[in-house]
Amino acid sequence: MKDTIINWLFWVFVLIAVVTTIYGAITSFNFWALSDLIPIVVAAYERSSWLFRTYNQIVAWFKNNTISLTTTFHIYCTQDFKITDLSDSIQKSLNTCHITFDKGSIQEINAEQFEQTTHCQFNLINEHQLKFGLEITRMNGLDETELAVTLSYQLSYKQLKSTWLQFKEFKDIFMQNWKTSKDRNDLTINMANSDLSPFYRLTLKSINAKDLSNVNLSFKEKDASIKITEHQIYISSSSSQTIDDVIAQIIPMTHVY
């Protein structure tokens, strides 16, 4: 209760200070007086997780660094597995999502080879000329067959949300021909090429930049398992909505301040 009152008093003070400083600068035509806002803004930034997260997300958006994105959905199927069903699902998803095979890629599953290796891979390109890979792996169990369908991208930070939306559309179309005993979605974001570290809902202002290399966190969020290491965040969830929420709150950072 005491902390809540102190917090409210702090923000009331910030609001009054901002309003009076701006009003004084305008009425006196002394815009240098706006520099008085600097310590107020710094204090608010240090206290507010929302300001901390938003500021760093804006900085990352303007820098627009290259990141790696790997997305996977799993099908746990008890129905008879047929290569033709798999081929039909791939083609229907590609057509609906305006994705085509990239030049030089194989364009159909070799049934005999897939039976032997339980693995196939394609090179794709979408309507925005983003190239990426599609990989399908089959794992045979006693009572069911598991299919792992993976899309792997190299993209800019600005493309992260739109690419995740396309992945969800691809999955929805693909799944129309399949029944699964449970739902599982995996997502990995790797920012090593940009020397960034992705954090989620964490305010880590008190540690030094060198300490980011030692980060290794694992925790649960709703129905999701989340693991954060240097340069990488991994999320596994039965709900794509939960992953939506995590993506919206990821903070790409080179250091904490």
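Contact is taken here to mean heavy atoms within 4.5 Å, and it is in this sense that the packing of helices on strands is described for the present structure, which is a predicted model. Helix α7, comprising residues 240–248, lies across β6 (183–190), β8, β9 and β10, and runs at about 155° to β10. Helix α4 (residues 83–96) lies across another set of strands, namely β2, β3 (119–126), β4 (131–140) and β5 (145–156), with its direction at about 125° to that of β2.

The strands crossed by these helices belong to an open sheet of nine strands, which follow one another in the order β2-β3-β4-β5-β1-β6-β10-β9-β8 with antiparallel pairing. The sheet is bounded by the edge strands β2 (99–101) and β8 (216–221), each of which pairs on one side only. On average, neighbouring strands of the sheet are turned by 20° against each other, when direction is ignored. Within this arrangement, strand β9 (residues 224–229) runs antiparallel to strand β10 (residues 232–237), to which it is joined by six bridges; I228 has I233 of β10 as its bridge partner.

Elsewhere in the model, a nonpolar patch on the surface is formed by I22, I26, F29, F31 and L34, which together contribute about 510 Å² of accessible area. Of these residues, L34 is placed in the loop between α1 (2–28) and α2 (37–47). The relative accessible area of L34 is 32%, and the residue is therefore classed as partly exposed, a value that also satisfies the requirement of over 30% for membership of a patch.

Notes. Residues numbered from 1 in each chain as written. Predicted model: local features only at pLDDT ≥ 70, side-chain atom pairs only at ≥ 80, totals over all residues. Heavy atoms only, no water. Patch = residues over 30% accessible without salt bridge, like charges linked within 9 Å, V, L, I, M, F, W, Y side chains within 5 Å. Areas by Shrake-Rupley, 256 points an atom, 1.4 Å probe, with all protein chains shown as cover. Salt bridge = Lys/Arg side-chain N within 4 Å of Asp/Glu carboxyl O. Helix = DSSP H or I, 4+ residues; strand = E, 2+ residues; numbered from the N terminus. Buried < 20%, exposed > 50% of the residue type's maximum accessible area, 1.4 Å probe, protein only. Pairing = 2+ DSSP bridges. Axes fitted to C-alpha atoms, helices over the stretch in contact; angles between N-to-C directions.
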